[in-house]
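Here's a quick briefing to read alongside the structure. Have a look at the model first, then work through the points below.

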Amino acid sequence: MKQALEKIELCAREELAKIADPAELETLRIRFLGKKGELTAIMKQMAALSAEERPAIGQLANRVRSDIEQALAEKTAQLKAEASALKLREEKLDVTLPGKAPKLGKLHPMDVVMHEIEDIFIGMGFDIVSGPEVEYDYYNFEALNLPPDHPARDTQDTFYINDNILLRTQTSSIQVHVMENRKPPIRVLSPGRVYRSDAIDATHSPIFHQIECLVVDKGITMANLVDTLNMFLKRLYGEECAIRLRPHHFPFTEPSAEVDIRCFNCGGKGCSMCKGEGYVELLGAGMVHPKVLKNCGIDPAEYSGFAFGLGLERVTMGKYGINDLRLLYENDLRFLNQF
Ligand code: DAH
């Protein structure tokens with residue numbers, strides 16, 4: 001019996017050493033220590049022993065039982081420790097690693113310039129107002145004193161949805177919406193996209209951007225126009241910038257002028273950049289034509305106004321020294337990242 005007990009202990013230890021799965025531990029416990037287990041079976045035979053033998057065997061049996069119990073407990077603890085070590089290894093997270101910074105976009109150079117211009121005008125008390133890009137002929141041409149067969153329409157051919165509806169060729173159309181909907185005093189700046197059926201080259205694009213300025217109030221004169229232009233352009237380009245006005249014709253202004261800016265390259269002496277002129281053409285301007293005021297329900301006997309419109313591409317190119325308009329649309333990051 002002593003040998004049987006020792007064999008059980010040996011066997012239990014051997015089996016235990018092979019176990020790698022906690023579920024198998026329980027099976028092993030039942031096999032050796034359970035009610036129908038191997039040790040219990042031997043204990044049951046103790047009744048048959050003589051009174052002298054019984055205490056020693058009893059003691060041995062108890063020791064074997066507690067040894068196996070202890071070995072089981074140790075194995076259980078060992079498996080638990082291994083499992084949690086494995087889990088830790090698998091879930092390892094190095095919180096000291098630097099994070100992945102998201103790639104931040106930035107504003108397009110034309111947006112930068114547009115925001116700058118908007119800020120300048122907001123500072124002078126103007127509202128920023130937009131209008132529809134798909135426009136009625138009336139707003140784009142007719143109300144602006146360009147009746148259906150007016151020759152000046154030729155310079156602004158566009159994309160027609162039908163005879164009446166087109167893609168606007170100029171932000172001047174917004175002037176009409178504004179004057180229809182607001183009472184003077186009016187002070188608005190209207191940036192927006194415009195369309196013309198022009199072929200693409202270094203200075204032309206069928207889609208480009210303009211910024212329109214409109215002021216209507218009692219007693220507005222050409223002096224207010226020149227002063228506003230000077231304030232605006234000196235803030236945009238710096239105090240040293242100078243302008244000149246050349247008489248011109250626009251159907252919606254009378255008198256009209258083209259506004260040139262002194263060449264930044266030669267300071268007015270004349271160079272290749274200004275083609276020897278000393279000045280570079282910048283924008284169109286004038287006093288709002290009385291007919292236009294009347295078309296929009298404003299009495300020209302009581303009110304007068306000035307307006308001007310400039311190309312955002314041209315201003316941006318001038319400000320950053322960009323020599324090809326197409327660069328602004330190609331979305332080449334090597335170009336855009338310079339701004
Ligand atoms: N709309 C004109 C153009 O596209 C520019 C312009 C000229 C706007 C004179 C004006 C203005 O407001 O008064 O060429």
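Which residues in α8 are buried? Keep in mind that this is a predicted model. In α8, the buried ones are Leu225, Thr228, Leu229, Phe232, Leu233, Leu236 and Tyr237.

**Helix α8**

- Those buried residues sit on the same side of α8, because they cover an arc of only 130° around the axis.
- As a rule, an α-helix has 3.6 residues a turn, so residues three or four places apart point the same way.
- The length of α8 checks out too: its 16 residues (222-237) should span 22 Å at 1.5 Å a residue, and the end C-alpha atoms are indeed 22 Å apart.

**Who surrounds the ligand**

- There are 16 residues around the ligand, and the ones that come nearest are Gln170, Ser172, Arg196, Gln210 and Glu212.
- Sorted by class, that shell has 9 polar, 5 nonpolar and 2 charged residues.
- Four elements each supply at least two residues of the shell: helix α7 (172-181) plus strands β5 (207-217), β8 (279-288) and β9 (304-311).

**Polar contacts and cover**

- The side chain of Gln210 has an N or O atom 2.9 Å from an oxygen atom of the ligand.
- Ala307 joins in through its backbone, with an N or O atom 3.1 Å from a ligand oxygen.
- Phe308 also uses its backbone: a polar atom there is 3.4 Å from an oxygen atom of the ligand.
- On its own the ligand has 360 Å² of accessible area, and the protein covers 92% of that.

Terms used: Residues are numbered from 1 along each chain as its sequence is written. This is a predicted model: local features need pLDDT of at least 70, side-chain atom pairs count only at pLDDT 80 or more; totals for chains, interfaces and linings use all residues. Side-chain values use heavy atoms; hydrogens and water are left out. A residue is near a molecule or strand if one of its heavy atoms lies within 4 Å of it. A polar contact is a pair of N or O atoms within 3.5 Å; within protein, one must be able to donate a hydrogen and the other to accept it, and residues adjacent in sequence count only if both atoms are side-chain atoms. Accessible areas come from the Shrake-Rupley method with a 1.4 Å probe; for residues, only the protein chains shown count as cover. Ala, Val, Leu, Ile, Met, Phe, Trp, Tyr, Cys and Pro count as nonpolar, Asp, Glu, Lys and Arg as charged, and the others, Gly among them, as polar. The expected span of a helix is 1.5 Å times one less than its number of residues. Buried means under 20% relative accessible area, exposed over 50%, partly exposed in between (1.4 Å probe, protein chains only). The arc is that of the directions from the helix axis to the C-beta atoms.
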